[in-house]
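Welcome, and please open your viewer. We will go from one selection to the next and look at what sits at each stop.

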Amino acid sequence: STIMTLYSGALVFVDFDGIEYTYAVVDKYEVQPDDINVLRQSFDRKILRLITCVPEGTYLRRGIIEAQLIDI
């Protein structure tokens, strides 16, 4: 719920199946709850998209963090 405190350039580490992936935050924005475009998968970029509710504990908007894969 606190992902919106991440800043551009912040590193996000994901461990999956014994491999650690490193992402760097490149964008942060908000959308309306019915905006499903943020769920669309894109195969031309290696982006991690984190989604939460903003303000915390409400359903008013969705906070989106996008992070670019920088290292495996």
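Start by selecting arginine 45 and glutamate 66, whose side chains meet in a salt bridge, 3.8 Å from N to O. Arginine 45 lies in the loop between β2 and β3 and glutamate 66 in strand β4, so this pair ties together parts that are 21 residues apart in sequence. Keep in mind that you are looking at a predicted model.

Stay on glutamate 66 and add arginine 49: these side chains also meet in a salt bridge, at 3.0 Å from N to O. Arginine 49 is in strand β3, 17 residues from glutamate 66. Through shared partners, the salt bridges join Arg45, Arg49 and Glu66 into one network.

Now colour by accessibility. Is glutamate 66 buried or exposed? At 7% relative accessibility, glutamate 66 counts as buried, while arginine 45 is partly exposed at 40% and arginine 49 is partly exposed at 26%.

Next, select arginine 61 and glutamate 30. Their closest N and O atoms are 2.5 Å apart, in a salt bridge. Arginine 61 belongs to strand β4 (residues 61-71) and glutamate 30 to strand β2 (residues 19-31), so the pair ties together parts 31 residues apart in sequence. In the whole structure, the search finds three salt bridges.

From arginine 61, move to threonine 52 in strand β3 (residues 47-54). Threonine 52 touches Arg61, and its other contacts include Ser1, Ile3 and Met4. Threonine 52 counts as buried, at 13% relative accessibility.

Finish on the surface with Leu11, Phe13 and Ile70, which make a nonpolar patch of about 310 Å². Phenylalanine 13 is found in strand β1 (residues 11-16).

Note on methods
Residues numbered from 1 in each chain as written. Predicted model: local features only at pLDDT ≥ 70, side-chain atom pairs only at ≥ 80, totals over all residues. Heavy atoms only, no water. Patch = residues over 30% accessible without salt bridge, like charges linked within 9 Å, V, L, I, M, F, W, Y side chains within 5 Å. Areas by Shrake-Rupley, 256 points an atom, 1.4 Å probe, with all protein chains shown as cover. Salt bridge = Lys/Arg side-chain N within 4 Å of Asp/Glu carboxyl O. Helix = DSSP H or I, 4+ residues; strand = E, 2+ residues; numbered from the N terminus. Buried < 20%, exposed > 50% of the residue type's maximum accessible area, 1.4 Å probe, protein only. Contact = heavy atoms within 4.5 Å. Lists of a residue's contacts leave out its neighbours within four places in sequence.
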